[in-house]
Structures are given as structure tokens and as C-alpha cells.
Amino acid sequence: MNDDEIAAIIANEAKRRKDRARTAGVLAYLEPAPAAPVGVDINKRFLGSIITSVCGHNRRNQEDQSWRQYGLDKKLATLYNEDNRGKKRSLEKGSSSSSCSQSEDQQRSREEWALRKANSFLAP
């Protein structure tokens, strides 16, 4: 059997259960699946290995994404803290909060937006 035949079998079974669910309700999905056709050999060890490797791959991807997000959050917090520290110092000196030049404010704003944009690309 090739992939197309297996996909057709699965689609037919799903359609049959969907039709049966209209009359029997959710219990239609709880009935056991029909037995595999004679001559079809299911390699359970292979399937178990594939599932295990996929789970490991997904876990590693999720962990990598978490670390990237942590780094971006930390960088954003650092930028925010540096920005606030400068404002606190200028207020302590008695000067206005606009002591930073326009170009420095623009640079901070650009960096914050770049981080936000990077975060939006990482979100699934």
C-alpha cells in the first residue's frame, strides 16, 4: 500500500464515522476501528521510533524558541531599564526629562520596535 491508498482509507473511515455521529452522537467515534486488511504489516517499532523522534524534535524546537524569547525579553528589559535610569538621573539633577537628544530617543524607539517585530515573527 502506498501513501495515497492509506490516506483514502483514513478519509473513508473519517467520513463513515462522521455520518454515524449524526445518528449515534459522540459514541460513534468511540467504537473500535476496523481491523487492518489481511496482508498489511504494520511496523510498530518503526512507528514508535518516528513518534519518539518527532516528540524530541518538537521539544527541542520549543526549548530553542523559549530561549530566543527569553533573550529578546531580557534585551528589551535592559533597554527599558537604561531608558528609565537616564530619566531618573535627569530628574534628580533638576533638569527636564527631555535632556536626551532627539537622535538618542529615536534610536531607542527604533530598537524597541525592532525587538517587538522580532517577537512577532517568533510567535507561532
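**Exercise 1. Arg-22 and its partner**

Is Arg-22 buried or exposed, and what is its relative accessible area? Establish also which residue pairs with Arg-22.

*Solution.* The model is a predicted one, in which local features need pLDDT of at least 70 and side-chain atom pairs count only at pLDDT 80 or more, while totals for chains, interfaces and linings use all residues. Residues are numbered from 1 along each chain as its sequence is written, and side-chain values use heavy atoms, with hydrogens and water left out.

Step 1. Apply the classes of relative accessible area: buried is under 20%, exposed is over 50%, and partly exposed lies in between (1.4 Å probe, protein chains only). Arg-22 has a relative accessible area of 63% and is therefore exposed.

Step 2. Place the residue. Arg-22 lies in helix H1; helices are DSSP runs of H or I with at least four residues, strands are runs of E with at least two, and both are numbered from the N terminus.

Step 3. Find the partner. Arg-22 forms a salt bridge with Asp-19, with 3.2 Å between the closest N and O atoms. The term requires a side-chain nitrogen of Lys or Arg within 4 Å of a carboxyl oxygen of Asp or Glu. The two side chains are also joined by a polar contact of 3.2 Å. A polar contact is a pair of N or O atoms within 3.5 Å; within protein, one must be able to donate a hydrogen and the other to accept it, and residues adjacent in sequence count only if both atoms are side-chain atoms.

Step 4. Relate the pair to the helix. Arg-22 and Asp-19 are three residues apart in helix H1, so about one helical turn separates them. Asp-19 is partly exposed, at a relative accessible area of 34%.

**Exercise 2. The network around Glu-13**

Determine which residues are linked with Glu-13 in a network of salt bridges.

*Solution.* Step 1. Recall the principle: side chains of opposite charge can pair when their charged atoms come close.

Step 2. Take Arg-16. Its side chain meets that of Glu-13 in a salt bridge of 2.7 Å, N to O. The two are three residues apart in helix H1 (residues 3–24), and therefore about one helical turn apart.

Step 3. Take Arg-17. A salt bridge joins Arg-17 to Glu-13, the closest N and O atoms lying 2.7 Å apart. Both residues belong to helix H1, at a spacing of four residues, about one turn of the helix.

Step 4. Combine the results. Glu-13, Arg-16 and Arg-17 are linked in a network. For the chain, the count comes to four salt bridges.

Step 5. Compare exposure. Glu-13 has a relative accessible area of 18% and is therefore buried. Arg-17 is buried as well, whereas Arg-16, at 36%, counts as partly exposed.

**Exercise 3. The surroundings of Tyr-29**

Identify the residues in contact with Tyr-29, leaving aside its neighbours within four places in sequence.

*Solution.* Step 1. Tyr-29 is in helix H2 and is partly exposed, with a relative accessible area of 46%.

Step 2. With contact taken as heavy atoms within 4.5 Å, the residues found are Arg-17, Lys-18 and Ala-21.

Step 3. Consider Ala-14 too. Tyr-29 and Ala-14 are 15 residues apart in sequence and 9.0 Å apart in space, C-alpha to C-alpha.

**Exercise 4. Aromatic and nonpolar side chains**

Describe the aromatic pair found in the whole structure, and list the members of the nonpolar surface patch.

*Solution.* Step 1. Rings of Phe, Tyr and Trp (its six-membered ring) pair if their centres lie within 6.5 Å; planes under 30 degrees apart count as stacked, over 60 as edge-to-face and the rest as tilted. The search finds one aromatic pair. It is formed by Trp-67 and Tyr-70, at 5.7 Å centre to centre with 90 degrees between the planes, and is edge-to-face.

Step 2. Both residues lie in helix H3, three residues apart, about one turn of the helix. Trp-67 is exposed at 56% relative accessibility, and Tyr-70 is partly exposed at 47%.

Step 3. The patch consists of Ile-42, Phe-46, Leu-47, Ile-50 and Val-54, with about 430 Å² of accessible area together. Ile-42 lies in the loop between helix H2 (27–30) and helix H3 (44–93).

Note on methods:
Patch = residues over 30% accessible without salt bridge, like charges linked within 9 Å, V, L, I, M, F, W, Y side chains within 5 Å. Areas by Shrake-Rupley, 256 points an atom, 1.4 Å probe, with all protein chains shown as cover.
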